[in-house]
Amino acid sequence: MENFTYNSFMLQLEGIDFTKDVVYTAFFLFLAFYIFAMTLNLAFLILVITEKNLHQPMYILFCNLTVSDIIAATEVFPRLLVDILRPPSERLISYYECVVQAFLTQWVSSTSHTVLMIMAFDRYVAICNPLRYSAIMTTSMLVKLSVSAWGVPFLFVSVLIGLSVRLNRCRTFVSNPLCDNASLFKLSCESVEINNIYGLFYTVLLLVASVGCIVLTYGKIAVICLTSKNKTMKKKALKTCSTHLVVYLVLSFSGFSAIALHRFPQYSYYRKILTILFYIIPGSLNTIIYGIQSKESKEIRNFLSEKIKTHQCFQLKNNK
């Protein structure tokens with residue numbers, strides 16, 4: 001089969017079509033979400049760097065998740081906002097830019113899970129081995145955990161995207177508001193059986209490792225809490241673990257909801273909306289959840305409260 005040559009390096013994104021009545025409302029709503037999420041995440045990073053009492057393994061590891069959220073939102077939303085205001089025929093993206101976007105979105109999505117896995121390990125050591133916590137969670141250990149959380153998904157995603165890039169292209173239409181791995185291999189008319197097998201393998205591996213890590217660490221923490229008579233330790237375990245678990249559930253629910261809707265073509269519009277929200281809702285909520293729940297982070301709670309009030313005032317002014 002011959003390669004598709006006409007305009008082969010430019011692709012057309014399907015985007016999200018809004019009626020003329022709501023297109024500007026949707027634009028400013030997504031813009032507000034993007035600004036809100038970026039402000040919270042950047043402020044958290046600055047706060048952890050500048051506040052010495054936040055130089056703790058839990059917050060340092062959480063910064064990995066914050067960086068992941070910043071990369072994902074920045075890769076997706078600026079282009080999405082521009083495309084919302086463009087007619088469908090002008091929503092063009094180069095093939096190489098599409099590949100980069102697919103790689104980055106897939107990489108940071110996977111990294112979010114691996115970061116939560118190493119955070120679960122941190123909580124396990126803090127609660128089950130408190131006397132050895134400082135000896136185990138050293139600077140060297142933090143570097144190793146962080147590198148692993150980013151490096152392992154990088155290798156798997158490189159293979160995943162590489163399998164799609166190797167295919168010859170015969171289409172130029174991306175039936176999605178953004179480029180992902182599925183969008184890349186759907187541009188080809190060749191067999192994508194290998195892509196499907198490897199994609200399924202990687203998805204199952206990531207899911208099993210992620211859920212397994214959470215179940216294993218939290219199972220041991222639960223046993224310690226049930227057998228211990230130390231009420232202070234139980235209260236601390238409940239507070240820190242519930243924070244981590246809520247963040248994990250928000251991420252998992254957002255991601256798997258979008259994946260599940262792939263099986264229902266009649267709901268493609270809602271799938272596209274959920275796909276976009278996946279890159280903004282967890283990123284907005286993660287910092288808020290940790291700011292509210294963590295007793296060590298009075299600075300974070302004060303900052304979040306101030307920003308939320310500012311955001312509410314901004315929305316009220318717009319409504320007027």
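## A tour that begins at Asp 83

Select Asp 83, which is buried at a relative accessible area of 4%, where buried means under 20% relative accessible area, exposed over 50% and partly exposed in between, with a 1.4 Å probe and protein chains only. The model is predicted, so local features need pLDDT of at least 70 and side-chain atom pairs count only at pLDDT 80 or more, while totals for chains, interfaces and linings use all residues. Residues are numbered from 1 along each chain as its sequence is written, and side-chain values use heavy atoms, with hydrogens and water left out.

**Charged pairs.** Keep Asp 83 on screen and add Arg 79, which forms a salt bridge with Asp 83 at 3.8 Å between the closest N and O atoms; the term stands for a side-chain nitrogen of Lys or Arg within 4 Å of a carboxyl oxygen of Asp or Glu. The two residues are separated by about one helical turn, because they are four residues apart in helix H2; helices (H or I, at least four residues) and strands (E, at least two) are DSSP runs, numbered from the N terminus. Arg 79 counts as buried at 19% relative accessibility. Next add Arg 86, whose side chain also meets that of Asp 83 in a salt bridge, at 3.2 Å from N to O, although Arg 86 is partly exposed at 31% relative accessibility.

Now move to Asp 122 and Arg 123, whose side chains meet in a salt bridge of 2.7 Å, N to O. Asp 122 is buried with a relative accessible area of 1%, and Arg 123 is buried with 7%. Returning to the starting point, add Glu 97 to see the network in which salt bridges with shared partners join Arg 79, Asp 83, Arg 86 and Glu 97. The structure holds six salt bridges.

**The interior.** Select Leu 61, Phe 77, Leu 116, Met 119, Met 137, Ile 276 and Tyr 279, which touch the most other members of the largest nonpolar core, a set of 61 residues. Such a core consists of buried Ala, Val, Leu, Ile, Met, Phe, Trp, Tyr and Cys residues joined through side-chain atoms within 4.5 Å. Helix H2 (residues 57-85) gives the most to this core, with 14 residues. Apart from it lies another core of 21 residues, including Leu 13, Val 99, Ile 161 and Leu 206.

Leu 206 can be approached from Ser 110, a residue of helix H3 (residues 95-128). Leaving out residues up to four places away in sequence, Ser 110 touches Pro 153, Val 157, Tyr 202 and Leu 206, contact meaning heavy atoms within 4.5 Å. Ser 110 counts as buried at 2% relative accessibility.

**The surface.** Select Leu 207, Val 211, Val 215 and Phe 256, a nonpolar surface patch with about 320 Å² of accessible area together. Patches are made of residues with over 30% relative accessible area and no salt bridge, like charges being joined within 9 Å and nonpolar side chains (Val, Leu, Ile, Met, Phe, Trp, Tyr) within 5 Å; accessible areas come from the Shrake-Rupley method with a 1.4 Å probe, and for residues only the protein chains shown count as cover. Helix H7 (residues 193-227) gives the most to the patch, with three residues. Leu 207 lies in helix H7 and counts as partly exposed at 35% relative accessibility.

**Last stop.** Color residues 200-224, one of the spans where UniProt, in an unreviewed entry, places the feature "transmembrane region". The end C-alpha atoms of residues 200-224 lie 36 Å apart, and the span is 100% helix and 0% strand.

Conventions. UniProt positions are given in the numbering used here, feature names are shortened, and annotations may be inferred rather than shown by experiment.
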